[in-house]
Amino acid sequence: MSTRNSFLNQPKSVWAVAFACVIAFMGIGLVDPILKPIAEQLHASPSQVSLLFTSYMAVIGVAMLITGAVSSRIGAKRTLLIGLAIIVVFSALAGLSNSIGAIVAFRAGWGLGNALFIATALATIVNSASGSVAQAIILYEAALGVGIAAGPLVGGELGTISWRGPFFGVAVLMTIALAATAFLLPASPPAPRRTSILEPLKALRHRSLATVAVTALLYNFGFFTLLAFTPFPLAMSARQIGLIFFGWGIGLALTSVFLAPVLQRKFGTLPVVMTSLLLFGADLAVMGVYAHHKPVLAIGVVVAGLFLGVNNTLITEAVMGAAPVERGTASAAYSFVRFSGGAVAPWLAGKLGEEVNVQLPFYVGAFAVLLAVGALATGWKPLAHLRIPTAHSKTEAEALTAADA
């Protein structure tokens, strides 16, 4: 049987979880096209609307500390179903809301559901898929890429009807995913060893892991400045914003799956990550200089996706070799630190854009990404094994978690 046929010949349960992954990852960029319409119709400022990202990311980061403990006690399937159910409820409630405060609160609940689901989904796909672990990873990365790319596109189209449309769309799609997962995925017993919520925090005592986590925190500052703030200076329709970020998502997906492994084999993980971060920082700086020129901003968003795809895949995998702890524990610790950057950046970018000018958020984001390069450089010796050109390893399966998004 060919590799392609083996990759596509998966049990129905795997396709059900993969479909749910697509919808879950759509949640990252789904609200981008409707940020400005929400601000206009609910009389909210950019920084207030950007709290939709802040609450979502903050809860995901904290929830990463408990996902392992929950899954190890009740089993993967129940964790998946609880996560999906929470997303359905809170996305629907966000769509029914009439105030920015309520939407921000319900996005926080949505983040909890997303954390429970995505942190467990990869392990479920790897354990249930036919073929090699590498093929299971590709399937997961494909779901991630499709979800990230489709989120802005779906949000833009539904947003032309109403800003409430994307929220209701997610609720409907996740209900389908919930039913498919409930009926098609076999029951899974609790893990032999129960995980403690303190284990990820203790893992951060290892300097190498802490270095990669801080690097991701700073890089995420630039990432979510791009994601949450750019729609405001673009000042376009929901459909136009959706198409621009669709291009961003396509670039991210393609380089994540196809280009990142090639560069890693040729140059090594650490040099490629540092180069992609430098290029992303330069891209943000150019967007800052030309913040009043919509074509430059649009092109800058799409180009950023190319660098982010390479970085997301390789820096997340780097976590697995950063400390002598279990892969799930390392991933949870990394995600906890990383998402704090994603939580602060949207609000701060909106505030700077309101009170200073629309250029400053991009400059601050670029500076944060430059600091990320410096932080990673401090681990040049402890992370020496990541400077060696190598192919993806099987341990990558546990490396790719919600942090990939």
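## A salt bridge in helix α15

Glu-355 is exposed, with a relative accessibility of 58%. In this predicted model, the side chain of Glu-355 meets that of Lys-351 in a salt bridge, with an N to O distance of 3.6 Å. Lys-351 is partly exposed, at 27% relative accessibility. The two residues lie four positions apart in helix α15 (residues 327-355), so about one helical turn separates them.

## A salt bridge between two helices

The structure contains two salt bridges. Besides the pair in helix α15, Arg-239 forms a salt bridge with Glu-157, and the closest N and O atoms are 2.9 Å apart. This pair connects distant parts of the chain: Arg-239 belongs to helix α12 (residues 238-267) and Glu-157 to helix α7 (residues 133-159), with their positions 82 residues apart in sequence.

Both partners can be described by their accessibility. Arg-239 is partly exposed, its relative accessible area being 40%. Glu-157 also counts as partly exposed, at 36% relative accessibility. As a general point, side chains of opposite charge can pair when their charged atoms come close.

## Overall composition

The protein chain has 17 helices and zero strands. Of its 405 residues, 57% are buried. The accessible surface of the chain amounts to about 14900 Å², and carbon and sulfur atoms account for 70% of that area.

Contacts across the sequence are also summarised for the chain. Where contacting residues are at least 6 apart in sequence, 88% of the contacts join residues at least 24 apart.

## The nonpolar core

The largest nonpolar core comprises 113 residues. Those with the most contacts inside this core are Cys-21, Ile-38, Phe-117, Phe-167, Met-174, Trp-248 and Leu-308. Helix α10 (residues 207-229) makes the greatest contribution to the core, supplying 13 residues. Domain 1 (11-195) and domain 2 (197-396) each provide at least three residues to this core. In soluble globular proteins, nonpolar side chains tend to be buried together.

The surroundings of Ile-38 can be given residue by residue. With neighbours within four places in sequence set aside, Ile-38 is in contact with His-43, Val-49, Leu-52, Ile-100, Ile-103, Trp-163 and Phe-167. Phe-167, listed here as a contact of Ile-38, is itself among the residues with the most contacts inside the core.

## The environment of Ala-304

Ala-304 is located in helix α14 (residues 294-320). Its relative accessibility is 0%, so Ala-304 counts as buried; the cut-off for this class is under 20% relative accessible area.

When residues up to four places away in sequence are not counted, Ala-304 touches Leu-226, Trp-248, Phe-280 and Asp-283. For one of these contacts, Phe-280, the sequence separation from Ala-304 is 24 residues, while the C-alpha to C-alpha distance is 6.0 Å. Another, Trp-248, also appears among the residues with the most contacts inside the largest nonpolar core.

## A nonpolar patch on the surface

Ile-66, Ile-197, Leu-198 and Leu-201 make up a nonpolar surface patch. Together these four residues have about 320 Å² of accessible area.

Within the patch, Ile-66 is placed in helix α4 (residues 46-74). Ile-66 is partly exposed, having a relative accessible area of 34%. This value is compatible with patch membership because a patch residue must have over 30% relative accessible area.

Key. Residues numbered from 1 in each chain as written. Predicted model: local features only at pLDDT ≥ 70, side-chain atom pairs only at ≥ 80, totals over all residues. Heavy atoms only, no water. Core = buried A, V, L, I, M, F, W, Y, C linked by side-chain atoms within 4.5 Å. Buried < 20%, exposed > 50% of the residue type's maximum accessible area, 1.4 Å probe, protein only. Domains from an automatic or database assignment. Contact = heavy atoms within 4.5 Å. Patch = residues over 30% accessible without salt bridge, like charges linked within 9 Å, V, L, I, M, F, W, Y side chains within 5 Å. Areas by Shrake-Rupley, 256 points an atom, 1.4 Å probe, with all protein chains shown as cover.
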